[in-house]
Amino acid sequence: MAPLFSIATITYNSSRWVRQAIESVLASSLVDFELIISDDCSSDDTWSIVKEYHDPRIKASRNSTNIGEYPNRNKVLNEAKGKFIFYIDGDDILYRDTLYTLSKYIEAFPQAEMIWGVPVNDIDFAVLPYLLSPNQITRLMFFTNLSITAIGLAETVFNVNALRSIGGFSTAYAIGDTYIKRKLALTSNVLLTPTGYSFWRRSNGQASQKASKKYRSFLDLHSINQEVLHDKNLPLSDTEKRQALSNIRISEIKLMFSNTLLKGHFVDFFMIKQKLKITYKELLLVFQKGSYDYRIVPDISEPLINDYNFTNKTETEDATINQLKTF
């Protein structure tokens, strides 16, 4: 029988932390998972450590050459037998009850094709967990100041078939996490939940740090937004699309000024201006404000709410109720 979760652990020179990653997954309070480990031809002893584990739920392999982060993520995606895939990399730690909690979310919201952990304090319009449609999540991405797609894969769960349906991760972008979430959100229901699925480590040499060099993430985000907003599945009207493109251009120009000229990086200013094909007339947009007034609910004192927090009883709650009846 196929497991509910495929835990995907990609590793590259992760020997310092990979034991913690593997053992945190194996210690999960929910055992309905497979753990797929793909070592990307590490030059340290990561692979030797991985081979020490013989749990039948583990499927481990080592690439003969280094293929890179996103090809490795796609390799694991193609091997996954679970209904949902969750990326816990070789330097992450999965919290013990995360899979159990996620399984309860999936049971309560079977329409969810992605589950995003988001900072609770940023969401003042809904009691989490809450399921949003593609129309709603797309408008949140382009007509609010929420950075809901900025949180990485260690706080994101994907329906395997949905992720495969768009070809998996793109290798064109250094910030492929942002790309896949924005792209898939055009056609997928997204369940927003409180963040805190795992401990995701910040360390030197990570892909996220490399993406920030030479404005790579900034330039990639421009290309991602252009691709997403010109996608045939975009659930926005023509008027909304034009406004979204305007919002993005204003934001890009403001960021360009603040990250280059205001820091004395004059050469970088003209480099980015050329790459983004910004005209001198468009530079005046630095004095304009974008339109970020989308509201799912007119009054945040009456947020979106569902029955999850009120009628769904966990096994523990049922056991507690039965115990109280004996007194």
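Tutor: Two residues are in contact when they have heavy atoms within 4.5 Å of each other. The model is predicted: local features need pLDDT of at least 70, side-chain atom pairs count only at pLDDT 80 or more, and totals for chains, interfaces and linings use all residues. Residues are numbered from 1 along each chain as its sequence is written, and side-chain values use heavy atoms, leaving out hydrogens and water.

Student: What share of the contacts in the protein with a separation of 6 or more comes from residues 24 or more positions apart?

Tutor: Take the contacts with a separation of 6 or more. Of these, the part that joins residues 24 or more positions apart is 81%.

Student: How many helices and strands does the protein have?

Tutor: Helices (H or I, at least four residues) and strands (E, at least two) are DSSP runs, numbered from the N terminus. The count is 13 helices and 10 strands.

Student: What is the radius of gyration of the protein?

Tutor: The radius is taken over C-alpha atoms, and the globule rule is 2.2 Å times the number of residues to the power 0.38. For 327 residues, a compact globule would come out near 20 Å. The protein agrees with that, because its own radius of gyration is 22 Å.

Student: What does the C-alpha trace span along its principal axes?

Tutor: There is one span for each principal axis of the protein. They come to about 70 × 55 × 35 Å.

Student: What percentage of the residues count as buried?

Tutor: Buried means under 20% relative accessible area, exposed over 50%, and partly exposed in between (1.4 Å probe, protein chains only). Of the 327 residues, the buried part is 50%.

Student: How far apart are the mean positions of the positive and negative charges?

Tutor: Lys and Arg count as positive, Asp and Glu as negative; His and the chain ends are not counted. Each charge is placed at NZ of Lys, CZ of Arg, CG of Asp or CD of Glu. There are 37 positive and 36 negative charges, and their mean positions are separated by 7 Å.

Student: How many salt bridges does the count come to?

Tutor: Side chains of opposite charge can pair when their charged atoms come close. A salt bridge needs a side-chain nitrogen of Lys or Arg within 4 Å of a carboxyl oxygen of Asp or Glu. By this rule the count is 13.

Student: Which side chain meets R139 in a salt bridge?

Tutor: The N to O distance in this bridge is 2.7 Å. The pair links distant parts of the chain, 101 residues apart: R139 in helix α5 (residues 134–143) and its partner in helix α10 (residues 238–259). R139 is buried because its relative accessible area is 15%. The partner, partly exposed at 22%, is E240.

Student: Which residue forms a salt bridge with K183?

Tutor: The closest N and O atoms are 2.6 Å apart. K183 is in helix α7 (residues 176–185), and the partner sits 48 residues away in the loop between α9 (216–229) and α10. K183 counts as buried at 16% relative accessibility. The partner, buried at 15%, is D231.

Student: Which residues do salt bridges that share partners join into one network?

Tutor: Here the bridges have partners in common. The network is made up of E69, R73 and D89.

Student: Is helix α5 largely enclosed or not, and how many of its residues are buried?

Tutor: Its buried residues include P134, I137 and R139. What covers them includes β6 (114–118), β7 (130–132), β9 (190–194) and α10. The helix is largely enclosed by the rest of the structure, because of its 10 residues the number buried is eight.

Student: Which side chain of opposite charge is nearest to K273?

Tutor: K273 is found in helix α11 (residues 266–275). K273 touches M256, I278, T279, Y280 and L283, not counting residues up to four places away in sequence. K273 is buried yet has no salt bridge. At 7.8 Å, the nearest side chain of opposite charge is E282.

Student: How far apart are the C-alpha atoms of I272 and F218?

Tutor: I272 also lies in helix α11, and counts as buried at 1% relative accessibility. Leaving aside neighbours within four places in sequence, its contacts are Y215, F218, L219, M256 and T260. I272 and F218 are 54 residues apart along the chain, and their C-alpha atoms are separated by 9.3 Å.

Student: Which residues does S103 touch, not counting those up to four places away in sequence?

Tutor: S103 lies in helix α4 (residues 98–108). At 11% relative accessibility, S103 counts as buried. The residues that S103 touches are L4, F5 and L30.
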